[in-house]
Amino acid sequence: MAAKKILVGVVMGSTSDWEVMSQAAKVLKDFGVPYEARALSAHRTPEALAQWLRTMEKRGARAFIAAAGGAAHLAGVVAAQSQLPVLGVPMPSKYLAGLDSLLSMVQMPKGIPVATFAIGEAGAANAALFVVAMLALSDAPLAKRLATFRASQARAVIAAKLPD
């Protein structure tokens, strides 16, 4: 039996990152984009990470969302091992509130790009929305769902009332 086709791999350095990264998973689920989420470490499980990346590519993955905190090497390692787009989500951290994660992730060497998003939940959701937009370029029904979502956001802003 063939493995289920997955379009997006969501990987995080630790299971403790799931609280934030569940926001990416929710967006992908809401748009009907098949994904697989895993906790794999660039430092503690490098062979398992490399194997998972190869497996995901064979299963049809079109992009990876990678989240990590602190040194935040995971997104860069994923980008070094795959030619697919990598979207990085810096995790909030205990001492520097995620600034360390952001700077580590955004400062990739020339030639190994990682599209880095905001620290935390907004970054996770926006990374997933960015993947949806990329996939929608060649998927008309997904493009229509994205347009509906954007129109709904606009209506909510227009309808919002400020307190007296």
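User: How should I read the burial of strand 3, residues 63–68?

Analyst: Count how many residues of the strand are buried, where buried means under 20% relative accessible area. In this predicted model, six of the six residues of strand 3 are buried, so the strand is largely enclosed by the rest of the structure.

User: Which residues of strand 3 lie on one side, and which on the other?

Analyst: A63, I65 and A67 are on one side, while F64, A66 and A68 are on the other. These residues are all buried, and both faces of the strand are thus covered.

User: Which way does strand 1 run relative to strand 3, and how many bridges join them?

Analyst: Strand 1 (residues 8–12) and strand 3 run parallel, joined by five bridges. Within this pairing, V10 stands opposite I65 of strand 3.

User: In what sense do strand 3 and strand 4 pair?

Analyst: Strand 4 (residues 86–90) also pairs with strand 3, in the parallel sense, over five bridges. Here F64 stands opposite V86 in strand 4. Between the two strands, the chain passes through helix 3 (residues 74–81), making a β-α-β crossover that is right-handed.

User: Now the surface. Which residues form the nonpolar patch there?

Analyst: The patch consists of Y95, L96, L99, L103 and V106, and together they have about 550 Å² of accessible area. One of them, L103, belongs to helix 4 (residues 99–106).

User: Why does L103 count as partly exposed?

Analyst: Partly exposed covers the range between the buried limit of 20% and the exposed limit of 50%. L103 has 47% relative accessibility, so it counts as partly exposed.

How values were computed:
Residues numbered from 1 in each chain as written. Predicted model: local features only at pLDDT ≥ 70, side-chain atom pairs only at ≥ 80, totals over all residues. Heavy atoms only, no water. Patch = residues over 30% accessible without salt bridge, like charges linked within 9 Å, V, L, I, M, F, W, Y side chains within 5 Å. Areas by Shrake-Rupley, 256 points an atom, 1.4 Å probe, with all protein chains shown as cover. Salt bridge = Lys/Arg side-chain N within 4 Å of Asp/Glu carboxyl O. Helix = DSSP H or I, 4+ residues; strand = E, 2+ residues; numbered from the N terminus. Buried < 20%, exposed > 50% of the residue type's maximum accessible area, 1.4 Å probe, protein only. Pairing = 2+ DSSP bridges. Right-handed = clockwise from strand over helix to strand, strands pointing away.
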